[in-house]
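Dear colleague, please find below my remarks on the structure you sent. They are set out as numbered points, to be read beside the sequence and the model.

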Amino acid sequence: MRALLVLSLPALMLATAATPPPVPEAWDRSPPRATDAWVRLNPVPGRPSAGYLALSGGGQPDRLTGASAPGVRIEMHDMSMAGGIMRMAKLDALPVPAGAAIRFAPGGKHLMIFGLAASAKTLPITLRFASGGTVTVTAAVRAAGDAPAATPDPHAGHHD
Ligand SMILES: [Cu+2]
């Protein structure tokens with residue numbers, strides 16, 4: 001009887017993983033997902049570049065605690081306008097509620113990428129979560145002139 005119980009738990013988890021839609025929330029262990037990642041290469045050598053992506057929360061609430069990629073250092077930043085002044089703040093962690101849709105986009109949250117080579121075409125960015133999980137997404141690196149210029153470069157005078 002005891003053995004049967006122990007066996008039935010993984011079987012149940014397997015079953016819920018195979019049938020996505022009506023999963024009870026407590027059983028939904030789907031990890032967060034990252035898509036649409038791209039990097040706006042800073043035209044000024046030595047200046048940090050900005051990375052953007054769309055983050056979808058997983059089945060359970062989590063916290064984004066950092067990002068990394070080979071050969072570079074990455075910080076999480078948030079930008080906001082206050083009284084006509086653009087402010088940039090470093091984020092140590094970002095809550096990612098279950099099922100949340102979070103955008104890192106020009107004018108708002110972004111990844112600050114230090115040491116990116118001007119010749120880089122793609123960058124595999126790994127996001128770390130408080131749960132211990134990681135998600136890696138490959139960002140397309142765009143030269144400043146190729147990137148959609150929705151807002152003026154937020155990093156022009158900020159990072160020395
Ligand atoms: Cu920044």
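**Remarks on the model**

1. Buried residues account for 24% of the chain, which has 160 residues. The model is a predicted one, and the points below should be read with that in mind.

2. The average pLDDT of the chain is 85, and 75% of the residues reach a score of at least 70. Over residues 3-7, however, the pLDDT is below 50, and in the model this stretch makes zero contacts beyond near neighbours in sequence.

3. The chain contains one helix and 10 strands. Read from the N terminus, the helix comes at the start and the strands follow it, in the order α-β-β-β-β-β-β-β-β-β-β. Of the contacts between residues at least 6 apart in sequence, 71% join residues that are at least 24 apart.

4. Strand β4 (residues 73-82) deserves a careful look, and two of its pairings can be described. With strand β5 (residues 85-91), β4 pairs in the antiparallel sense over seven bridges; Met76 has Leu91 in β5 as its bridge partner. With strand β8 (residues 110-114), β4 also pairs in the antiparallel sense, here over five bridges; Glu75 stands opposite Met112 in β8.

5. What lies between β4 and β5 in their hairpin? Two residues separate the strands, and Gly83, which is in the turn, has a positive phi of about 60°.

6. The largest nonpolar core comprises 26 residues, and Val39, Leu111, Ile125 and Ala139 have the most contacts inside it. At least two residues of this core come from each of β1 (33-40), β2 (49-56), β3 (62-68), β4, β8, β9 (122-129) and β10 (134-142).

7. Ile125 may serve to illustrate this core. Leaving aside neighbours within four places in sequence, Ile125 is in contact with Ala37, Gly51, Ala67, Ala69, Leu111, Thr136, Val137 and Ala139. Two of these partners, Leu111 and Ala139, are themselves listed with Ile125 among the core residues that have the most contacts inside it.

8. Asp36 should be checked in the backbone angles. Most residues other than glycine have a negative phi. Asp36, which is not a glycine, nevertheless has a positive phi of about 55°. This residue is found in strand β1.

9. Is Asp36 buried, partly exposed or exposed? Asp36 counts as partly exposed because it has 14 C-beta neighbours inside 10 Å, whereas a buried residue would need 20 or more and an exposed one would have 12 or fewer.

Definitions and conventions. Residues are numbered from 1 along each chain as its sequence is written. This is a predicted model: local features need pLDDT of at least 70, side-chain atom pairs count only at pLDDT 80 or more; totals for chains, interfaces and linings use all residues. pLDDT is the predictor's confidence in each residue, from 0 to 100. Two residues are in contact if their C-beta atoms, placed from the backbone, lie within 7 Å. Helices (H or I, at least four residues) and strands (E, at least two) are DSSP runs, numbered from the N terminus. Two strands pair if DSSP finds at least two bridges between them. A nonpolar core is a set of buried Ala, Val, Leu, Ile, Met, Phe, Trp, Tyr and Cys residues joined through C-beta atoms within 7 Å.
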